[in-house]
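Hi there,

Here is the structure I promised to pass on, with my notes underneath. Open it in your viewer and keep it beside you while you read.

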Amino acid sequence: MTNQSTMDKLIEMRLTTMADAFRNQLADPKFREVPFEDRFGMLVDIEYSSRKNNRLKRLIKNAGFDQPEANIMDINYTSGRKLNKELIRRLATCEYISEHRNLFITGATGCGKTYMACAFGMEACKQYYNTKYIRLPDLLIDLEQRAQEKELSLNQAVIQCLEYAVKAMDSEE
């Protein structure tokens with residue numbers, strides 16, 4: 001089997017990152033000295049990392065965050081906000097999701113609820129939970145449309161909407 005045939009098969013199996021890495025290994029004379037098992041391990045690691053990164057990008061894109069740049073590490077803990085840093089750190093582990101618990105963020109208009117919801121949603125995506133950001137009025141419209149289009153009861157429409165492990169709902173402001 002020729003190297004080109006191997007690369008073609010990798011591409012056909014949708015292992016394009018591995019095929020590119022294999023091509024790079026063949027072009028680099030330093031890799032001739034590296035044992036086969038190590039070279040193969042590097043190829044697998046590159047493909048694995050690429051797939052994980054692509055999955056994360058897809059989860060973040062599909063979540064539809066209002067503020068995709070939101071990050072738990074950037075939360076402002078100034079004294080007037082009365083935020084519990086330890087609680088936020090614990091919530092950022094996303095244990096509440098695996099325990100099937102809900103997270104409610106409340107506060108005055110403009111206090112950062114949307115930012116925090118997006119930040120917690122981003123953490124969920126980073127742990128590969130299927131996540132969706134949606135404003136409450138949009139959710140209600142979506143539920144009504146699903147119920148009408150598919151002749152479902154409201155309860156059945158709600159069940160269809162529960163396809164996400166995390167659903168970050170935001171009130172209309």
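**What I found**

Let's start with helix α7, where the buried residues are L139, L143, R146 and A147. They span an arc of only 95° around the axis, so they sit on the same side of α7. Turn to the other side of α7 and you'll find Q148 and E149, which are exposed. One thing to keep in mind as you look around: this is a predicted model.

As for its length, α7 covers residues 136–149, which makes 14 residues. From first C-alpha to last, α7 reaches 20 Å, close to the 20 Å expected at 1.5 Å a residue. After α7 comes E151, and its phi is positive, near 50°.

**Helix α3 and its partners**

Next, have a look at α3, which runs over residues 36–63. You can try the length check here too: with 28 residues at 1.5 Å each, α3 should span 40 Å, and its end C-alpha atoms are 41 Å apart, so the two agree. Following α3 is G64, with a positive phi near 70°.

Which residues of α3 are buried? They are R39, L43, E47, S50, L59 and A63. And what do they pack against? The answer is α2, α6 (113–126) and β1 (131–135).

Take α2 (residues 16–27) to begin with: its axis and that of α3 come within 8 Å and cross at roughly 145°. The crossing of α2 past α3 is right-handed. On the α2 side, the contact is made by T16, T17, M18, A21, F22, Q25 and L26. On the α3 side, R39, M42, L43, V44, I46, E47 and S50 take part. Sorted by class, this contact has eight nonpolar, four polar and two charged residues.

Now for α6. The axes of α3 and α6 come within 9 Å and cross at roughly 145°, and this crossing is right-handed. Here L56, L59, I60 and A63 from α3 meet M122, C125 and K126 from α6. By class, that gives six nonpolar residues, no polar ones and one charged.

**Two residues to click on**

Let's zoom in on M18, which you'll find in helix α2. Is M18 buried or exposed? Its relative accessible area is 10%, and since buried means under 20%, M18 counts as buried. Leaving aside neighbours within four places in sequence, M18 is in contact with L10, L43, V44 and E47. Of these, L43, V44 and E47 are also among the α3 residues that make the contact with α2. For a distance to try in your viewer, pick M18 and K61: they are 43 residues apart in sequence and 24 Å apart in space, C-alpha to C-alpha.

The other one is K9, in helix α1 (residues 3–12). K9 has a relative accessibility of 40%, and because partly exposed lies between the 20% and 50% cut-offs, K9 counts as partly exposed. K9 and A19 are ten residues apart along the chain, and their C-alpha atoms are separated by 8.7 Å.

That's the tour. Have a click through and write back with any questions.

Cheers

Methods:
Residues numbered from 1 in each chain as written. Predicted model: local features only at pLDDT ≥ 70, side-chain atom pairs only at ≥ 80, totals over all residues. Heavy atoms only, no water. Helix = DSSP H or I, 4+ residues; strand = E, 2+ residues; numbered from the N terminus. Expected span 1.5 Å × (residues − 1). Buried < 20%, exposed > 50% of the residue type's maximum accessible area, 1.4 Å probe, protein only. Arc of directions from axis to C-beta. Axes fitted to C-alpha atoms, helices over the stretch in contact; angles between N-to-C directions. Left-handed = near helix turned anticlockwise from the far one by under 90°. Contact = heavy atoms within 4.5 Å. Nonpolar A, V, L, I, M, F, W, Y, C, P; charged D, E, K, R; others polar.
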